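Welcome, and thank you for joining this tour. Keep your viewer open and follow along, one selection at a time.

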Amino acid sequence: MFGYEIHLERPWFLLLLLLIPVIWLTAWGGLSAMGRSRWVLAASVRSLLVLLMVLALAEVDIVRRSERTTVMYLVDRSLSIPRDQLEEVIQYAQSTARAQRRQAREDLVGVISFGSEAALETPPYSGDPVLARRFETMIDADNTNLEAALKLAQASFPPDSGKRVVIISDGNETMGDALGQARRLAAEGIGIDVVPIRRTPHAEISVEKIATPVDAWKGSPFDVRVVMRTDPAPGGSDKPVPGRLTVRRLLQGEEQMVAEQEVELTPGKQVFTFREDLGAEGFFTYEARFTPIEADGDGFTQNNQATSFTHIRGPGKVLLIVDWTRADEFDSLVKILQQNKIEVTVQPSNQLFSRFADLQAYDAVILGNVPRAGGDQGQEISVFSDQQVSMLVENTRRMGSGLIMLGGPESFGAGGWTNTPIEEAMPVDFSIKDAKVIPTGALMMVIDRSGSMSGDKLDLCKAAAAEAVKILGPQDYIGVIAFDTHPTRVVPIQKVGNGRAATRMISRISLGGGTDVYPGMEDGYRSLQSIQASAKHMIVLTDGQTPPNDFQGLTQEMRAQGITVSAVGVGADADLNLMQTIASVGGGKFYHVTSPQAVPRIFMREARRVSRPLLFEDPRGFTPQLVSQHEILSGMEGSFPAMTGYVMTSAKDHPLVETPLISPLPANQKSPILATWQYGLGRSVAFTTDTGQRWTNAWTPWEGHEKLFSQMVRWAMRPNNEDAKYMLTSDVDGQKVRVVLTALDEEGDFVNFLAPSLAAVGPKENNLDLDFKQEAPGRYVAEFDAQTPGPYFMAVSPGPNETPLRMGVNVGYSAEFLNREENMNVLTQLAALTPRDGEPGQLVELSGGRALDGDEEVVDLFREGLARAAHQQPAWHWMLLAAACLFVFDIANRRIAWDHYWLPMLWAMLARKKTAEPANPALDRLRARKDAVRQEITQQNSSRRFEEQVPAGTSTSIEELTETTGESRSQKSGKAMSAEDPANQETAYLDRLLAAKRKAKQEPRE
């Protein structure tokens, strides 16, 4: 299956191989004295050394080629693909992969689905794709982005196989450039087969748009026009299609019927007009919908609806959001604003806005001492969601609405708004920077992690703890203890900082065993005792029963140390009596929740308890200081009345921030009482004390009280632009939005060379910033692609210090429903692309789960015709390593004069054979004589044991020794006669040597 080849990146280095003959010629003269075998070995080693070095310089690569094929199915899941055909596609992918994949060559198969983006359903692997009736990945199906699917397939292919993609789509791409990306794939040798998804011919009715004026004055009539289009089925009847057309008007969630009538639609476009005359102001949404009487008279129903927006101008409105548990807290403020002809809508925090369009009716939004999470014991807890907070901020930054935050015990940092986008929009930071002693709070969360907390319970508790961390300031303390039968310090008590470390540790909490609350509470108490904080609070949560213990004594001890305790019982199995007792003795709140969904809101509300040190109160009273003039304080003479408290903040270090009113206490801190700045297209105001409820009671009879708040609200409100010199229009063509600004001067002449800009907020909080281009005198145009269907709210700024113009457009439905037929032109071009070193793809038809060509033969998607995959791996470093080792061997061969007789022995030993030693006659005779002498000496030693003892001082000659051993003189004579023999001469020499040694031993020492 795999073949290997050698590839050189720099083959011209092979010319250096001409040095090898030079090496042999040089070696003939310089190494000939080494002997023939060593000379040949040295020259060969040097030649091989040069060869390895040259291959390393030429950057040799090992190329592995494979016959394996990988096929990636790209399945279109956009809204234009009927669900029944999608199931047929799944069946087709599974059946062809199962039947055609060659297991012998280890073919791979993978699946990618795509809509607005692409997702990998099954990565390439050597098995059959297993797909359920529904795809598991979540994608946005509002668009078709075939380019993204091709890019993902290109990145998913393994390098050691042939590559082919099988595109299963109707070809109607609404995003990207599929042909351009496909050409890049073909250039890399990736084949492309195409399986068109054929649509069933049908009639199509669409509401193209509903046209209303961008702006209209209160009480001025205008027309509402609905444009509809009818396309009959190919070859079908042209008879009229009956149905019902309804037009509705929406404002702040309230819906009113504008028109409802029976209509008959003929082929082509038709326009229906309705007259409107509104006596109210606001940002109105108009919706037109068509419902056919016969269900089969329309193919897609998703394009039977369209929406538009109209701004009805008036004197201006303000939205006041209050805590729902104190809904009448700002009644006096409402009266002041109404007396100054400012219309006010009061919205409690448990009935908040849900759409961005709901905020467009107001020129300013006031947060009146409302916390991020509010409620009371035994009541519902309301929370501003992240999406609602983002809407408030974007409404100011991009749409030019004012944003005012009024002080109180539940506002700013004390209300849990720290680290939120609201803090970014305010001219003050909700933490204290310049204080010599920064008051801090400490929060300890004791959370049950027993086995009964499985499922959503523990996950929601972890999410709740993470949200509580966000509410705390960077100087506050946070601690988390998780308990089952034993406590675990998940987050040891520490400063919050940026909160990332604590959040990361909280996410690691896992399930445990039983339930014992007391050790966890005790450990949390000891941790809180170890730190210095102005306010200390503990939250205890459990869903089960716990062994009896002295909970009351522990809680009383904590309360005596200034630590408050709140308790949360989850479900009916929790020890509710115990939890209620702990909260009552601990001075906190008791919460009994039947659903863990309420836990995050509870934790967010309880986390605000440690923010109380942000409140500064002095019952003796103090007078705020005026440090600079401001429009809000215009006309106010003399000193301000005394106040007794406010929420401590720090002014942002920004040149646009103004703090005309500050507090003299605490000394040398300069805490702002009134701060303003320009935030994007809008203005925001921070008033850190209240409006007369608790800290500014002395301000109520003050003559400047009414003027202060009316001027504050009017300064922040979005201007009405009644003397506007600009006209704004828009047009939506499919998903292309075109905005036209016409600029005129006071005399009606065109104004040129402006630099207007556009800020838009889309349906998924996706923001756009565009610049206009001048196309004609006084005419400026901006365009953008609205990929996501839904409302787009825009604010156009004509220039510096100019009032922003607002408008809204709606992209009613996806471009998926604009085309009724498959795009065979694009699909044919994709299939006709020829991959590098391969054959063109095929355009095949899907029929009954099979792909057929023109001859009704099943198309083999795993066929050959692709460039063989080549996996190239560098090998030059191995050449260098071998050359280094060979260089050492070359030096050893030249410096060491070794014999080579051991080579045959080594070879024989490795071959497990016994090798005969080379013949040597002299050596054989020497060995034989040594054996004979050794035997003779042995015999002599053994015979001497039977001899008589020789007296001391006598000597024994060799002749006597010979006689003693029984040798005859004739034998001696024979030995003497044979002395001329070399062997006999050697024996005689040994005999003489032995006699001399014996004689020396017998001579006395001097």
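Which residue in β25 stands opposite Ile481? Select both strands to find out: Ile481 faces Arg489. Before going further, please note that this is a predicted model.

**Stop 1: a strand and its two partners**

Stay with β24 and select residues 477-483. Seven of its seven residues are buried. Look along the strand and you will see Tyr477, Gly479, Ile481 and Phe483 pointing one way, while Ile478, Val480 and Ala482 point the other way.

Now add β25, residues 487-495. The two strands pair in the antiparallel sense over six bridges, and they form a hairpin with three residues between them.

Next, add β23, residues 441-448. Here the pairing with β24 is parallel, over seven bridges, and Met444 stands opposite Gly479. To follow the chain from β23 to β24, trace it through helix α10, residues 456-471; this β-α-β crossover is right-handed.

**Stop 2: the whole chain**

Zoom out and show everything as a cartoon. The protein chain has 23 helices and 46 strands. Buried residues make up 49% of its 1006 residues. Among contacts with a separation of 6 or more, 74% are between residues 24 or more positions apart. If you switch on the surface, its accessible area comes to about 49,100 Å², with 51% belonging to carbon and sulfur atoms.

**Stop 3: an enclosed helix**

Select helix α15, residues 599-607. Eight of its nine residues are buried, so the helix is largely enclosed by the rest of the structure. The buried ones are Val599, Pro600, Ile602, Phe603, Met604, Arg605, Glu606 and Ala607.

**Stop 4: the nonpolar cores**

In soluble globular proteins, nonpolar side chains tend to be buried together. To see the largest nonpolar core here, start with Val226, Met228, Phe384 and Ile422, which touch the most other members of its 65 residues. Strand β14, residues 282-292, gives the most to this core, with five residues.

Which residues surround Ile422, leaving aside its neighbours within four places in sequence? Show its contacts and you will find Leu367, Val389, Leu392, Val393, Leu403, Met405 and Trp417. Apart from the largest core lies another, of 38 residues, including Val322, Ala364, Ile366 and Ile404.

**Stop 5: charged pairs**

Side chains of opposite charge can pair when their charged atoms come close. The structure holds 45 salt bridges, and three of them are worth a visit.

Begin with Arg68 and Asp160, whose side chains meet at 2.8 Å, N to O. Arg68 is in the loop between β2 and β3, and Asp160 is in the loop between α4 and β6, 92 residues apart. Are these two buried or exposed? Both Arg68 and Asp160 are buried.

Now select Arg806 and Asp363, which form a salt bridge at 4.0 Å, N to O. Arg806 lies in strand β43 and Asp363 in the loop between α7 and β18, so the pair ties together parts that are 443 residues apart in sequence. Both Arg806 and Asp363 are buried.

For the third pair, select Asp386 and Arg372, which meet at 2.7 Å, N to O. Asp386 is in helix α8, while Arg372 is in the loop between β18 and β19, 14 residues apart. Asp386 is exposed, with a relative accessible area of 51%, whereas Arg372 is buried at 7%.

You can also select Glu208, Arg229, Asp231 and Lys269 together, as salt bridges that share partners join them into one network.

**Stop 6: backbone details**

Most residues other than glycine have a negative phi, and most peptide bonds are trans. Three places let you see something else.

Select Leu665 and Pro666: a cis peptide bond joins them, with omega about -10 degrees. Pro666 is found in the loop between β33 and β34.

Move to Glu106, where phi is near 60 degrees, a positive value. Glu106 lies in the loop between α3 and β4 and counts as partly exposed, at 38% relative accessibility.

Finish at Phe753, whose phi is also positive, near 65 degrees. Select the loop between β37 and β38 to find Phe753; this residue is exposed, with a relative accessible area of 77%.

Key
Residues are numbered from 1 along each chain as its sequence is written. This is a predicted model: local features need pLDDT of at least 70, side-chain atom pairs count only at pLDDT 80 or more; totals for chains, interfaces and linings use all residues. Side-chain values use heavy atoms; hydrogens and water are left out. Buried means under 20% relative accessible area, exposed over 50%, partly exposed in between (1.4 Å probe, protein chains only). Helices (H or I, at least four residues) and strands (E, at least two) are DSSP runs, numbered from the N terminus. Two strands pair if DSSP finds at least two bridges between them. A crossover is right-handed if, with the strands pointing away from the viewer, the path from the first strand over the helix to the second runs clockwise. Contact means heavy atoms within 4.5 Å. Accessible areas come from the Shrake-Rupley method with a 1.4 Å probe; for residues, only the protein chains shown count as cover. A nonpolar core is a set of buried Ala, Val, Leu, Ile, Met, Phe, Trp, Tyr and Cys residues joined through side-chain atoms within 4.5 Å.
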